[in-house]
Every structure is written in structure tokens, then in C-alpha cells.
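Here are my notes for you, with the charged pairs and the small sheet as the main topics. Keep the viewer open while you read.

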Amino acid sequence: AFRYFHYTPNKDDPKTYSKSGERIIVSPYALMWNDGNYYLYAYDGKKFSTYRVDRMENISIPLLDKREGGDEYDKKNLTAQKAKVFGMYHGKEYNVRLRVSNRIAHAVIDQFGKDIIMIPDDESHFTITVAVEESPPFYAWVATFGKSIKILGPDAVIEGMKKFIG
């Protein structure tokens, strides 16, 4: 159990709390490292969520009869999840087709793993299809590479990218 907060720009009151400051009670399953931060991967009785450890306060261990989420956790593959979740933001999952410049193949392998299938498109590009949870960090990752990555589909993700770049 813990209270979870987000920072605000207000210097007099720099934190705002999730659930109006009430304790969040979860069943913890994993501690994950992503972009320089530790995240708790836990089951809240309905779904799995991630929480940045440095934003947790008043951590305690409530007495529970049974740890929840065991069956759901067994269905998860946290290694595969890292590839489709960007910056620990969860969103709707899509099979996204990308056209990528050969010169940044290393970045694709770093993000999606060595087993990603890269299909040659021309002498300078390849295409991939990857499961991605749509989120601002995903669009930021694509934008980082400028014209070296193009989203080919689905249309919802193309539109999401257009909205992201404004």
C-alpha cells in the first residue's frame, strides 16, 4: 500500500496525489528499470499497472489473506512488454507497420529485440510490423528519428502521430 503522486509546477503545493491521496493497495509482481527509473509492476485487483517507485510515499504492507493477480501475471511476458510499451505509458495496442532507414537498424533492435523481422523495402530502407501500445512516448521515439522512420499503418496510429506533431 502507498500514496502515489505527480509533480506540479506550483511551488507552494508541488505534488498532486492519485485517488485524492487515498492509499493504493496492490499485489506487487516485479520491479523494472526503464529510462533511468525503477517501476513497480503490480496488480490492483482489476488490472496490472506500473508505478514509478520514487513517486510512492507512505509505503506499507497491509495484511492480506491472498495475493491477487497470480493467474493474470502468469499470462504476462514482461520481456515482450518492454518492447511495446514506451516510457511505461500504456495505451491501446496496435500492430504498427514502420518503414525504417537502414542506418538506424540498431535503434530498432535496441527497442524491439534481435528477433524483430526486418523486411528489405529498397536499398536504403526496411519495414517492420511491431506490437506497440500507442502513447506520447511512442510518438516521441518515432519523431526522434525524423524522416528516418515513417508510420505506414494503421490509420489510427498515423493520425495519432499527426496530432502529436501538431
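1. Start with strand 1, which covers residues 3-7. Strand 1 pairs with strand 6 in the antiparallel sense, and the pairing runs over 2 bridges. Keep in mind as you look around that this is a predicted model.

2. Now find Arg 3. Which residue in strand 6 stands opposite Arg 3? Look across and you'll find Glu 57 there. Hold on to Glu 57, as another pair below uses this residue too.

3. Zoom out to the sheet. Its 3 strands make an open sheet, in the order 2-1-6, with antiparallel pairing. Strand 2 and strand 6 are the edge strands, each pairing on one side only.

4. Next, the charges. How many salt bridges does the structure hold? There are 6, and I'll walk you through some of them.

5. Back to Glu 57, whose side chain meets that of Lys 15 in a salt bridge, 2.5 Å from N to O. This pair ties together distant parts of the chain: Lys 15 sits in strand 2 (residues 15-17) and Glu 57 in strand 6 (residues 56-57), 42 residues apart. So the two edge strands of the sheet are also the strands that hold this pair.6. Is Glu 57 buried or exposed? Glu 57 counts as buried because its relative accessibility is 18%, and the cut-off for buried is under 20%. Its partner Lys 15 has 26% relative accessibility, so Lys 15 counts as partly exposed.

7. Another salt bridge joins the side chains of Asp 44 and Lys 47, at 3.3 Å from N to O. Asp 44 counts as partly exposed at 25% relative accessibility. Lys 47 is given the partly exposed label too, at 48%; the exposed label needs over 50%.

8. Then look at Arg 99 and Asp 122, a salt bridge whose closest N and O atoms are 2.7 Å apart. Here again distant parts of the chain are linked, with the two positions 23 residues apart in numbering terms: Arg 99 lies in strand 7 (residues 93-101), while Asp 122 lies in the loop between strand 8 (119-120) and strand 9 (125-133).

9. How open are these two to the surroundings? Arg 99 has a relative accessible area of 24%, so Arg 99 is partly exposed. Asp 122 is partly exposed as well, with 37%.

10. One last thing to check in the viewer: which residues do salt bridges with shared partners join into one network? They are Arg 99, Asp 121 and Asp 122.

Methods. Residues are numbered from 1 along each chain as its sequence is written. This is a predicted model: local features need pLDDT of at least 70, side-chain atom pairs count only at pLDDT 80 or more; totals for chains, interfaces and linings use all residues. Side-chain values use heavy atoms; hydrogens and water are left out. A salt bridge is a side-chain nitrogen of Lys or Arg within 4 Å of a carboxyl oxygen of Asp or Glu. Helices (H or I, at least four residues) and strands (E, at least two) are DSSP runs, numbered from the N terminus. Buried means under 20% relative accessible area, exposed over 50%, partly exposed in between (1.4 Å probe, protein chains only). Two strands pair if DSSP finds at least two bridges between them.
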